[in-house]
Amino acid sequence: MTITPDPKVENGATFEILREDHTMGNLIRFKLLEEPQVVFAGYKVPHPLEHNVILKVQTTNDTKPDMMVAKALNDLITEVGYLKQKFVEELGRARALVIPREQKPMEEQTPLGIPARDNIPIGNTGVGVDMDF
């Protein structure tokens, strides 16, 4: 990442993030705009074949653009870590509920995992096709 102070804009800077695309640019922009100290945050991808993001940030006099970008990135890391933790917990719960077919007693197993149904009449099924030969 390269940081270039913007000489035309007070408390403004341009960040070039290499090997990233719209996903990261939009996430950082969104996180920056949640902060009251950020006056402007926008990004662009110079060309679809270039995997670089150019992020422009302007802040109030209370803080600097590089500090706000660092805060936004730390917040995103925290949120992604929380999402990963919750996903792993829910995956563990889902796996605990599913008992593999091989672990069930043989009398409970049916072809393709379809539950056994007793008392199904063979012959005229009421569907319009008579299977008696």
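**From strand β4 to helix α2**

T59 lies in strand β4. The model is a predicted one, and this residue is a convenient place to enter it. T59 has a relative accessible area of 2%, so it is buried, the cut-off being under 20%. Its side chain reaches the backbone oxygen of T63 at 3.0 Å. Leaving aside neighbours within four places in sequence, T59 is in contact with E10, N11, Q37, V38, V39, K64, P65 and M68.

Two of these contacts, P65 and M68, lead on to helix α2, which covers residues 65-97. Both P65 and M68 are buried in α2, as are V69, A72 and L76. The cover over the buried residues of α2 includes strand β2 (12-18), helix α1 (22-33), strand β3 (38-44) and strand β4 (52-59). T59, where this account began, belongs to the last of these elements, β4.

The length of α2 can be checked against its residue count. The helix has 33 residues, and at 1.5 Å a residue the expected span is therefore 48 Å. The C-alpha atoms at its ends are 48 Å apart, in agreement with that value.

Further along, α2 also contains L91. L91 has a relative accessibility of 33% and therefore counts as partly exposed, since that class lies between the buried limit of 20% and the exposed limit of 50%. Together with F87 and V88, L91 forms a nonpolar patch on the surface. The accessible area of these three residues together is about 290 Å². Helix α2 thus holds buried residues such as A72 and L76 as well as the partly exposed L91.

Conventions: Residues are numbered from 1 along each chain as its sequence is written. This is a predicted model: local features need pLDDT of at least 70, side-chain atom pairs count only at pLDDT 80 or more; totals for chains, interfaces and linings use all residues. Side-chain values use heavy atoms; hydrogens and water are left out. Patches are made of residues with over 30% relative accessible area and no salt bridge: like charges are joined within 9 Å, nonpolar side chains (Val, Leu, Ile, Met, Phe, Trp, Tyr) within 5 Å. Accessible areas come from the Shrake-Rupley method with a 1.4 Å probe; for residues, only the protein chains shown count as cover. A salt bridge is a side-chain nitrogen of Lys or Arg within 4 Å of a carboxyl oxygen of Asp or Glu. Helices (H or I, at least four residues) and strands (E, at least two) are DSSP runs, numbered from the N terminus. Buried means under 20% relative accessible area, exposed over 50%, partly exposed in between (1.4 Å probe, protein chains only). The expected span of a helix is 1.5 Å times one less than its number of residues. Contact means heavy atoms within 4.5 Å. A polar contact is a pair of N or O atoms within 3.5 Å; within protein, one must be able to donate a hydrogen and the other to accept it, and residues adjacent in sequence count only if both atoms are side-chain atoms.
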